[in-house]
Amino acid sequence: MIQRRRILTVSVVAATLALGGTLTSSATQNRAAVPDDARVVAAAQQAAGKAVKDPYAQIGKGEKVILDTDFGQLNDDSQVLYMLTQSKAKVLGVTTVSGNTWAQEGTAYALRQLERVNRTDIPVIQGLIDPLFGSRQETAGAWGPLYGSRGYTGAWGRTQPVDYRHVTGVYQGSPTTWAQAGSAPDFIVKQVQKNPGEVTIIAIGPLTNIAIAIKNHPEIVPLVKQIIYMGGAFDVPGNDAAPASEFNIWFDPDSARIAFAAPWKKQIIVPLDVTDTVQYGIAQYNRIVAGADTTITKHFKDSHGPRFASNPNRLSDMWDTLTVAIMFDPTLVTQSVERTVTVDTMFGLNYGRTLGYPASTSPAGLQKATIIQRLDNARFYDLFVGLLSAPLK
């Protein structure tokens, strides 16, 4: 938590403690963290009956976003959608893809979540169910025993629904709205063509939809403002999918290789290198549920409350949420590196491994990407909590 100024009124101190904050030593007194300080001042103003200015009121203003995701019920990808709907960003659409969940499941979850926050104006378009190569699921079964998968295969370990209208177990009931007709890759292409130079693609699942859009309409690539991926592991080990690769890339390595090789104006990768260093625990949970009583905070209480009740020390990495935070505020990044990037698509131990090269040793034909390595975690938490604990926009 950020250092408060030494001279504090009683009301400000009380407000800090009510928000779950702490008062620390003066060693970090000059550290800039306007949003968090603004929360303390706002709470003090509330106590004094004064008008409160929302420090996040204008965040994301002017951004046009497509969220491409293997959507979960209240996983970090789901939190990304809440962060977007709580901001001033214009969400052009949510496109779903298989990964952690089947695309049919993600479609149902996204529709229901948007209904609950009264944002049915945002279309949901179902995308690809299978990776670029349809045999990928079969080879994954053989790959694990040979090369040491820890057993997690995402959607492949779940029963595939017939369609998104027949997904069971949706939080607070099945959606009553419908997905938009058409395919996710076509939707991406059309939105980029309609908004040249303005669209940010936030890609937080396997990159199958992105690869198909590129293959069918390569002319859209230079028209995209930027693409921000959650995926990969460059200088750290992989995660539950494989020792050397991160799950989103491992699920469909060939699509990731195509996406990374496209000549985007700007591509940013948020890999395990940084997500391993930012964790969500009871401190962040308590700050969120202490906020306004909304469908978002209720969702957190219902989904996360029992988990923390059984294990208050549990921690989880904050994968997808970092992508949208970086789009909102690039100054959150404290360390990054520019490399040319590709993906190992040879069947073997390194299948799905992301590779980054300095310009001096880069193989020919690779494209540059900014690889995020560290964030200002305290400021990120303030942004994350501030959006998710605020009254519904």
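Axes are lines fitted to C-alpha atoms, for helices over the stretch in contact, and the angle between two of them runs from 0 to 180 degrees between N-to-C directions. The exercises below concern a predicted model.

**Exercise 1.** Determine how helix H3 and helix H13 are oriented to each other, and which residues make the contact.

*Solution.*
1. Two packed helices are described by the angle between their axes and the distance between the axes.
2. For H3 (residues 76-85) and H13 (residues 321-328), the angle is about 25 degrees and the axes lie 8 Å apart.
3. Angles under 35 degrees count as roughly parallel; H3 and H13 are therefore roughly parallel to each other.
4. H3 contributes Asp 76, Gln 79, Val 80, Met 83 and Leu 84 to the contact, while H13 contributes Thr 321, Thr 323, Val 324, Ala 325, Met 327 and Phe 328.
5. Sorted by class, the contact has seven nonpolar, three polar and one charged residues.

**Exercise 2.** Identify the residues that touch the most other members of the largest nonpolar core, and the helix that gives the most to this core.

*Solution.*
1. The largest nonpolar core holds 60 residues, of which Leu 84, Phe 300, Phe 328 and Phe 384 touch the most other members.
2. Helix H14 (residues 377-388) gives the most to this core, namely seven residues.
3. Apart from neighbours within four places in sequence, Phe 384 contacts Gln 79, Met 83, Tyr 280, Ile 288, Met 318 and Thr 321.
4. A second, separate core of 29 residues includes Val 189, Ile 227, Phe 234 and Ala 259.

**Exercise 3.** State what fraction of the protein's residues count as buried.

*Solution.*
1. The protein has 14 helices and eleven strands.
2. Of its 393 residues, 54% count as buried.

Key. Residues are numbered from 1 along each chain as its sequence is written. This is a predicted model: local features need pLDDT of at least 70, side-chain atom pairs count only at pLDDT 80 or more; totals for chains, interfaces and linings use all residues. Side-chain values use heavy atoms; hydrogens and water are left out. Helices (H or I, at least four residues) and strands (E, at least two) are DSSP runs, numbered from the N terminus. Angles under 35 degrees count as roughly parallel, over 145 as roughly antiparallel, 65 to 115 as roughly perpendicular and the rest as oblique. Contact means heavy atoms within 4.5 Å. Ala, Val, Leu, Ile, Met, Phe, Trp, Tyr, Cys and Pro count as nonpolar, Asp, Glu, Lys and Arg as charged, and the others, Gly among them, as polar. Buried means under 20% relative accessible area, exposed over 50%, partly exposed in between (1.4 Å probe, protein chains only). A nonpolar core is a set of buried Ala, Val, Leu, Ile, Met, Phe, Trp, Tyr and Cys residues joined through side-chain atoms within 4.5 Å.
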